[in-house]
Amino acid sequence: MSVLVLVEHTEGNIKKKSFEAVQYAAQIAKNTGTTATAVVLGTIADAEMEALGNYGANKVIHIADKRLDELHARAYATALVNIAKAEGSKIIITLYDINGRAVAPRVAVQLKAGLLAGALSYPDTAKGFAIKKAVFSGKAFAWVNLLSDIKVIMLMPNTFPLTKTDGKATIETQEVSFTEKDFGIKVTSVNKVTGEISLADATLVVSGGRGMKGPENWGLIEDLAKELGAATACSRPVADAHWRPHHEHVGQTGGSIRPDLYIAVGISGAIQHLAGVNGSKTIVVINTDPEAPFFKAANYGVVGDAMKVLPMLTEAVKKFKLHK
Ligand code: FAD
């Protein structure tokens, strides 16, 4: 009956957002009078999995099949469905990210489960099993009641702060029999971006729009990002114009991020852009136009020319770090 949670890792390092998913699963388990079981797929050290206990997992089920080192959505779903059946799990948690979006719907179909994508709250059992999620590109919230016997919940990353405990989890290695079909899609090559802070996991992001005038001015964005230890992002027209690579584009048709701090420079704040960033905890806007729509979504704003404000801000961060 335990609450199952899929854990993601990169080459054996568990992602921060997966600790959050485990903590979320553990709290739901507590609220529903059961335990939390983390499912880890692929090659990973026991010491790394032990950390899952610190975030509330009671048990870790490890399927050590090397083929699972890469995301094979069908195989991942097969593993989760088999474990859910064996454990009698009625609640299965994944993240609402690229991996989760590939795996969770497959699990839900196979288990005839209701699926909630992008959970922003714990289930409110006083209202049935109601969970809050964003709708209309983040312009409104809806409470969705999951009425099915089995429920699949995809948690929006960066929704809850992490709290480390001294909890411990037992680790069990299990086997799942896969079919050839489970590995029907072959990854032929992987191009890794190195030396950059991953935008998806970044807690601080500096982002530029068309107001930056051209790629030749991006050094100003990068200088500030470097001082802050932030990732860089951009608006869609900037990526379309090849000023920046497409993986940096955020918004409705790009990446969806929820950093602690999002600094938007020379970005107007169109609804399609906001859709990908308005879950950020603090938004700072730098724009020459005091009427720019982004100011309405901002916690702090600077009306000014990015070419002048950015160097001053970078200097201020440098000085602050020196005197810390
Ligand atoms: P602009 O709208 O041109 O704004 C530039 C801003 O810079 C202005 O506010 C201006 O006042 C300011 N500025 C100018 N000079 C300076 C200066 N020197 N210093 C400081 N500020 C200055 N957009 C996305 O970003 N992401 C998406 O995923 C996305 N998806 C879309 C999907 C659809 C279906 C559609 C129709 C559109 C989508 N768009 C998306 C485009 C979106 O509607 C906007 O056109 C886009 O976000 C505008 O980009 P921008 O703010 O960089 O440029």
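1. A backbone N or O atom of Ala 306 lies 2.9 Å from a nitrogen atom of the ligand, which falls under the definition of a polar contact (a pair of N or O atoms within 3.5 Å; within protein, one must be able to donate a hydrogen and the other to accept it, and residues adjacent in sequence count only if both atoms are side-chain atoms). Taken alone, the ligand exposes 980 Å², of which the protein buries 75%, with accessible areas taken from the Shrake-Rupley method with a 1.4 Å probe and, for residues, only the protein chains shown counting as cover.

2. The model is a predicted one, in which local features need pLDDT of at least 70 and side-chain atom pairs count only at pLDDT 80 or more, while totals for chains, interfaces and linings use all residues. Residues are numbered from 1 along each chain as its sequence is written, and side-chain values use heavy atoms, with hydrogens and water left out.

3. Two side chains also reach the ligand: a polar side-chain atom of Lys 213 lies 2.9 Å from a ligand nitrogen atom, and a polar side-chain atom of Asp 305 lies 2.9 Å from a nitrogen atom of the ligand.

4. Around the ligand there are 25 residues, of which Arg 210, Ser 235, Ser 268, Gln 272 and Asn 287 come nearest; a residue is counted here if one of its heavy atoms lies within 4 Å of the molecule. This shell divides into five nonpolar, 15 polar and five charged residues, where Ala, Val, Leu, Ile, Met, Phe, Trp, Tyr, Cys and Pro count as nonpolar, Asp, Glu, Lys and Arg as charged, and the others, Gly among them, as polar.

5. Five of the six residues in strand E7 (residues 114-119) are buried, so this strand is largely enclosed by the rest of the structure; buried means under 20% relative accessible area, exposed over 50%, and partly exposed in between (1.4 Å probe, protein chains only). Strands (E, at least two residues) and helices (H or I, at least four) are DSSP runs numbered from the N terminus. E7 runs parallel to strand E10 (residues 151-155) and is joined to E10 by five bridges, pairing being assigned if DSSP finds at least two bridges, and Leu 116 stands opposite Ile 153 in E10.

6. Two backbone angles deserve a look. Lys 112, in the loop between helix H4 (98-111) and E7, has a positive phi near 55 degrees, and at 74% relative accessibility Lys 112 counts as exposed. Asn 158, in the loop between E10 and strand E11 (170-174), has a positive phi of about 65 degrees, but counts as buried at 15% relative accessibility.
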